[in-house]
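Here's a walk through this complex, starting with one strand and its partners and working outwards. Have the structure open as you read.

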Amino acid sequence: MKKAFLIARSNFRKSKGQVISIAALMLIVGMMLNLWLILQMDYKKNFERHHDRLNAEHVAMCVNIGSMNESEKLSEKLTDVIENDSRTDEYSIDDALLMPGSFQYNGGDLNTTCVFLDKETAVSRSVGKIEIVEDSDETSGIYVPMIYKSEDIAIGKQMKITSGTYEFNYTICGFTNSVMGGSHNCAICEIVLTEDKYKETKEILQKENSIFANGAMFCSVRLKDVEECESYNAMLKDAISEYTYSISNYYTMVYQSRYISQMICAAVISAMAFLILLVALVVMASNIVNYIQENMKKLGTLKAVGYTGRQIINAFHMQFLSVSVIAAILGAVLSYLVFPAINIMMISQTGIPYEVHFLPAPFLITIGILGGAVLLTVWAAVRRVKKIEPIVALRQGVKTHSFKKNHVPLEHTKAPLNIALALKTMFSSVKNNVTICISMLVCALVLVFSAVMIENVIVDINKFITIIVGETCDSCINVNSDAEQEFLQIVNDDERVEKAYLYSNTATTHVNGAELMTTVIDNWEDVNNPDVVFKGRFPKYENEIAIAAKFAEENNIHIGDEIIVSSNGKEGKYIVSGLTQITNNLGLDCIYTREGFMRLGELSDVSYYINLVDGADVDAFNSDMKEKLGNNANMAINVDDTVSAGVTVYVQLMTMIVIGVLVLSGGVIAFVLYLLVRTRLGNKKQDYGIMKSFGFTTRQLIVQTTVSFMPPIILSTIVGLAVGCIVINPFMSLFLSSIGIVKCTFTVPAGLVIMEGVGIILFTFLILCLMSRKIKKLAVHSLLIGE
Amino acid sequence: MEKILLKTENLSKSFSVGGVMQHVLKNIDLALYEGDFTVIMGASGAGKSTLLYAVSGMDTPTLGTITFGDKEISKFSQDELAVFRREHCGFVFQQIYLIDGMSLMDNVLAAGLLVSKDKRVVVERAKKLFASVDIPEEMYGKFPTQISGGEAQRVGIVRALINTPEILFADEPTGALNSQTGLDVLNTLTEFNEQGQSVVMVTHDMRSARRGNRILYLKDGVILGECNLGKYKHNDMERHEKLSAFLSEMGW
């Protein structure tokens, strides 16, 4: 081992630049792998920790009480159903107020279903306790989930919540942490009011004779087996299907929906980490193979004086493994310096506090992955050393190259001299070309990803919204079914309305024991986004249904299959007419025609999506509608504002991701080129000296060196961009499949992709020119004698 | 009166070796004449190669001037020196220094096409030169690793002469060759000199030095003495004795 150490130390001294560059790449990989593993392994566990600590529920349901005499009956029914189900572990049922509400957030209107709880009740619930994470001296007001903490939503500031035609104003007293109801992504948004404000709100609702005036039952159930949460939720929904307005969620749904941003971030980080690792390993292998070729004589000498092949191989392992492991450790340490910034961003997305702390498992796995990958790569690249016979190595050491073909013969080529010489060099550097191609292919894929995200998320969010949100419009108005005709009359008479169509997300449907969120439409031709049903078609007839592609795939359901659907205690057979992709319920949704839905239940209220003519004021329109419809209007949403409030975080996240991956790719490419140029200058030092001696200027040699790298760079960039453009949508579909997207149709901006391609080619040209300038410092005589 | 091709005044070259200045060339005044076969001799470490590389624009002097025609090349930038070398000089090295990745023809054309843009003319001249050093056409496509040392050095001479340089600099051109191939190379250089090519050759081999008409003896960075032998003739005993006497006088 000591002998191997001596060789490794000698190699270190001779290739400091190479060592530093590989170490830099490994540092980045170590940092990103550790970040990814923290996000993957512990960040979601944080949800479980908070869930356990607050004894949070596995299924939460809030049921609106229609009339005073329903209260006792509902309470008894819930208690009965819950206690008689063997899966129940413990539960809590408390009074609450349930109503849809909207408030200003991120510059838009955020619409969600609010469950208002009295502070005393909220913090003392046996199941589903809410934690006050930030408090103040304010004694009367509201406590908001901490996800909404922002410049406008801060302690001491006023917060206006609009529900239907009512407006409630509260002073913000503090912020809460509720695992199952701490975000609009959870379906239930739990809001805590001080005792006086809770009473005041209820009184206002009673005074206005609101349908929410009788309050609600908020039921939180912990199960013996968390795996049962989805079916338990479906069972509970079925049991109270006679009650018109209820909302529920369950553990796995909340667990996934609160961590969408974390999933996207972790996926991007892991993809980048493994791509950079691939590049680093290719560079490492290429360096080793080059080293062996160029130092064959030295290796022969070592063997001749008694070093065994194993000792030489061990030296390589020691050299690269030590560099990689040290860099990986430093990278992992660096990740803890970077993580607080990511954590702040993540908390603003998940709404669940997370304390950064050292995690040994991700750290060890990071070192293990890197160490293992380096060991294998070095072994693969260096194993032929074992077979080298000393005498053969010594002989080959004098002349290391074995040229088989005279590429680009100067006598016959039409290319200018410097270009011809550059091409000669290129053709004789196959390993370099492979390294360049792999690096540039990776880079090109990243460029396409960033271009697609810039175009579809940062510049014009509409495509992203179309895919992620599904159907959008200007205004969404929910009215009681009794008032539907009156509403349609008003809408038809309004000149601001371009189009109004039924698009009601009201009830749930159960297929194979799973709960699917239901959308009811009248005519599929009215919808703005026909891509919601991306395969097959929308349901046209009463016996047709379109179901979520993700769900269909998981349950082996195909278009044309007949499935049994149950809802409201009734069952019906439906033919699957198409497959949908909507992320609202993490890919668990279905679409019926109104007639189709009526076979199983009634629509107590209907939601209409409305397109307004250009320039029409959506808020003014909504206000007019509320005024004209009075209590019959349950909700009027400015969809544009709501969507923009919801997607701002995605835009911010994507902007950071795009900047991050572009900077990182540029850095990696610069490192790779640095290594390649350095190796080239080292290997061809004498050739440069010879050429300088017979009159080539430094500039000509720089041009030759730079140009010799350009064809593989240009070719692999073009191929990478072309392939990237083809695979980006399937790749993104794979990426987003966990939230229900199975077919992405992001616009691939050809112009931007080409610009990025040209940009990266110019960037590499510039980097190569800069790095090749080292030739200038080398005197002819020194080059010749190999100094 | 012979035409001066290149001259130096107070040419000095110093190196720092381990923090200690080594003065390798000390105030050398030298003129190189057109058509001469100038031989620079001296013991190892006398500064022969340093002088050759300094006057040929391969290395920059520490002090003094080097003038080629009416141009002071010691003031040239690196790029100007490169142009000077390609247009006016040819080089033959002890280690030959052909580029392994290029065929023999490409090694020559890479230098030739630097100066002349007329490829046809350069190729023709290369072929003539190859023929004059007995390199057959079938070898043009071979690589340096596929030929013998003597053949490689002859290709090196072809490369050095492809741009019809005013001066051909040769640094120990037979140093890495065996007796017979070394003799062939010397014959080649002599033939070109007889055709009017000016040659400056560094050697410590008396047999090689005998080919020159002008012998400079360098010792400790200064030109200790000079001997004119006249034009080379085969088996010229008088010439041999004169050189022996000169070298003996110089302390060889």
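## Around strand 7 of chain A

Tyr143(A) has Gly174(A), in strand 7 of chain A, as its bridge partner. That pair belongs to a parallel match: strand 5 of chain A (residues 142-145) joins strand 7 of chain A through four bridges. Keep in mind that this is a predicted model, so what follows describes a prediction rather than an experiment.

Strand 7 of chain A, which covers residues 166-177, also takes strand 4 of chain A (residues 131-134) as an antiparallel partner, with three bridges. Here Ile132(A) is bridged to Thr176(A) in strand 7 of chain A. Then there's strand 6 of chain A (residues 158-163), antiparallel to strand 7 of chain A over six bridges. Look for Thr162(A) facing Glu167(A) of strand 7 of chain A. Strands 6 and 7 of chain A make a hairpin with two residues between them, and Gly164(A) in that turn has a positive phi of about 60°.

## A hairpin and a sheet in chain B

Chain B has a hairpin of its own, made by strands 1 and 2 of chain B, again with two residues between them. In the turn, Gly18(B) shows a positive phi of about 60°. Strand 1 of chain B (residues 4-17) runs antiparallel to strand 2 of chain B, and 10 bridges hold the pairing. Two spots to check along the ladder: Ser16(B) sits opposite Met21(B) of strand 2 of chain B, and Leu11(B) sits opposite Ile28(B) of strand 2 of chain B.

Both strands are part of an open, four-stranded sheet in chain B, ordered 2-1-4-5 with antiparallel pairing. Its edges are strand 2 (20-33) and strand 5 (71-72) of chain B, each of which pairs on one side only.

## Chain B as a whole

Stepping back, chain B contains eight helices and 10 strands. Its C-alpha atoms fill a box of roughly 50 × 45 × 45 Å along the principal axes. The radius of gyration of chain B is 18 Å, and a compact globule with 252 residues would come out near 18 Å, so the two agree.

Buried residues account for 48% of the 252 residues in chain B. If you take the contacts in chain B between residues at least 6 apart in sequence, 68% of them join residues at least 24 apart. As for confidence, chain B averages a pLDDT of 90, and 99% of its residues score at least 70.

## Where the chains meet

The contact between the chains draws on 25 residues from chain A and 28 residues from chain B. On the chain A side, the elements giving two or more residues are helix 13 (417-427), helix 21 (685-693), helix 22 (698-736) and helix 25 (780-784) of chain A. Helix 21 of chain A has the largest share, with four residues. Sorted by class, that side of chain A has 11 nonpolar, eight polar and six charged residues.

For the complex, the predictor reports an ipTM of 0.90 and a pTM of 0.77.

## Nonpolar cores

The largest nonpolar core has 229 residues, and the members touching the most others include Met26(A), Met32(A), Val115(A) and Ile547(A). Helix 20 of chain A (residues 639-683) supplies the largest share of this core, 19 residues. Another core, of 90 residues, lies apart from it, with Ile702(A), Ile28(B), Ile66(B) and Met102(B) among its members.

Back to Met32(A): setting aside neighbours within four places in sequence, Met32(A) contacts Ile269(A), Met272(A), Ala273(A) and Ile276(A).

## Two unusual backbone spots

Which residue has a positive phi of about 45° in chain A although it is not a glycine? That's Asn55(A), in the loop between helix 2 (16-53) and strand 1 (59-64) of chain A. Asn55(A) counts as partly exposed because it has 16 C-beta neighbours inside 10 Å.

Chain B offers Glu172(B), not a glycine either, with a positive phi of about 45°. Glu172(B) lies in the loop between strand 7 (167-171) and helix 6 (179-194) of chain B. With 20 other C-beta atoms within 10 Å, Glu172(B) is buried.

Methods: Residues numbered from 1 in each chain as written. Chains lettered and ligands numbered in written order. Predicted model: local features only at pLDDT ≥ 70, side-chain atom pairs only at ≥ 80, totals over all residues. pLDDT = per-residue confidence, 0-100. Pairing = 2+ DSSP bridges. Contact = placed C-beta atoms within 7 Å. Nonpolar A, V, L, I, M, F, W, Y, C, P; charged D, E, K, R; others polar. Rg over C-alpha atoms; globule rule 2.2 N^0.38 Å. Buried ≥ 20, exposed ≤ 12 C-beta atoms within 10 Å, placed from the backbone. Core = buried A, V, L, I, M, F, W, Y, C linked by C-beta atoms within 7 Å.
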